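Student: Please pick one part of this model and take me through it closely, with its neighbours and with a word on how far to trust it. I would like one connected account.

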Amino acid sequence: MAGISRAIRVCAAASRRTLAAASAAALPKEAPAAGVRAPAAATGRKGRDREDGRRVQWVFLGCPGVGKGTYASRLSQLLDVPHIATGDLVRDALAAPGPFSKQEILEGVTDIDLVINLKLREEALLAKCLGRRMCSQCGGNFNVASIDIEGENGGPRMYMPPLLPPPQCESKLITRPDDTEEVVKERLRVYHDLTEPVEEFYRARGKLLEFNLPGGIPESWPKLLEALNIEGPDNERSAAA
């Protein structure tokens, strides 16, 4: 626990904003209320301090395979701030013997200003998880799924193109042993059971921003920036706190 706290605080101290891709099981449980939109702030792409002088910190929440790490990493590069993948740190702490393995710990480690809850239709999420591949030689991650799903309630179709490997990796692709339909569905069920109280905890505090991914990165990225009031390279919107 102390190691996680130190790791996150050291990174957070290095910048005005910290982005974390978090594990649902690591977050605290409590009760309900209303959602929130990311607050607008001063124009510009860099982070800024809160009025109390504390550095602003965001967390990404979402199902396995939804793209928490991808979007947090992109924001990290855009805003020039640290990206902490807390999932590995938290899993190590929860697996270790001792009192901390029984606690939900992220709220105690760092003061969270906004939780960005990424959501994706389950059939798309399932196809995405089942399409994951890794090159056994270079370790590169790819996705062979080509997702093209009818829109809901007359809405636009959801299209997510595959992320195909270069020719030198094609014959070396392997699948994770737990990326089977049965296992993925069970992971999603467990995730939703664990996450509902987490979402309510942050919703009650006005810190939860729900974002439904409309498709792949080309379609979702500019809309996420807009939802966060962040000025992207090709976007004239103001940055978020």
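Tutor: Let's start with strand E2, which runs parallel to E4 and pairs with it over five bridges. Strands count as paired when DSSP finds at least two bridges between them. The elements themselves are DSSP runs numbered from the N terminus: helices are H or I runs of at least four residues, and strands are E runs of at least two. One of the bridges joins Leu 61 to its partner in E4, Asn 117.

A word on ground rules before we go further. Residues are numbered from 1 along each chain as its sequence is written, and this is a predicted model, in which local features need pLDDT of at least 70, side-chain atom pairs count only at pLDDT 80 or more, and totals for chains, interfaces and linings use all residues. Side-chain values rest on heavy atoms, with hydrogens and water left out.

Back to E2. Seven of its seven residues are buried, so the strand is largely enclosed by the rest of the structure. Buried here means under 20% relative accessible area, exposed means over 50%, and partly exposed lies in between, with a 1.4 Å probe and protein chains only. Both faces of E2 are covered: Val 56, Trp 58, Phe 60 and Gly 62 are buried on one side, and Gln 57, Val 59 and Leu 61 on the other.

What packs here? Helix H7 (217-227) has buried residues that pack against strand E2 (56-62), H2, strand E4 (114-119) and strand E10 (208-212). Those buried residues are Ser 220, Trp 221, Leu 224, Leu 225 and Ala 227. Seen down the axis of H7, they fall within an arc of 155 degrees, so they line one face of the helix; the arc is taken over the directions from the helix axis to the C-beta atoms. Such a pattern suits an α-helix, which has 3.6 residues a turn, so residues three or four places apart point the same way.

Leu 224 is a good residue to follow by eye. Leaving out residues up to four places away in sequence, Leu 224 touches Phe 60, Tyr 71, Ile 116, Leu 118 and Phe 211, where a contact means heavy atoms within 4.5 Å. Leu 224 also appears among the residues that touch the most other members of the largest nonpolar core, which has 44 residues; the others are Leu 75, Ile 116, Leu 118 and Leu 228. The largest share of this core, six residues, comes from helix H6 (residues 181-204). A nonpolar core is a set of buried Ala, Val, Leu, Ile, Met, Phe, Trp, Tyr and Cys residues joined through side-chain atoms within 4.5 Å.

Helix H2 (68-79) is another partner of H7. The buried residues of H2 are Lys 68, Tyr 71, Ala 72, Leu 75, Ser 76, Leu 78 and Leu 79. They cover an arc of only 165 degrees around the axis, which puts them on the same side of H2. The length of H2 agrees with expectation too: at 1.5 Å a residue its 12 residues should span 16 Å, and its end C-alpha atoms are 16 Å apart. The expected span is 1.5 Å times one less than the number of residues.

Each of these two helices is followed by a residue with positive phi. Just after H2, Asp 80 has a phi of about 60 degrees, and Asp 80 lies in the loop that leads to strand E3 (83-85). Just after H7, Asn 229 has a phi of about 55 degrees. Their surroundings contrast: Asp 80 counts as exposed at 56% relative accessibility, whereas Asn 229 is buried at 7%.

How far should you trust all this? The chain has a mean pLDDT of 75, with 63% of its residues at 70 or more; pLDDT is the predictor's confidence in each residue, from 0 to 100. Helix H1 (residues 2-13) has the lowest mean among the elements, 44, and strand E9 (residues 173-174) the highest, 96. Values stay under 50 over residues 1-16 and again over residues 235-241. Where pLDDT is low, the predicted coordinates should not be read in detail.
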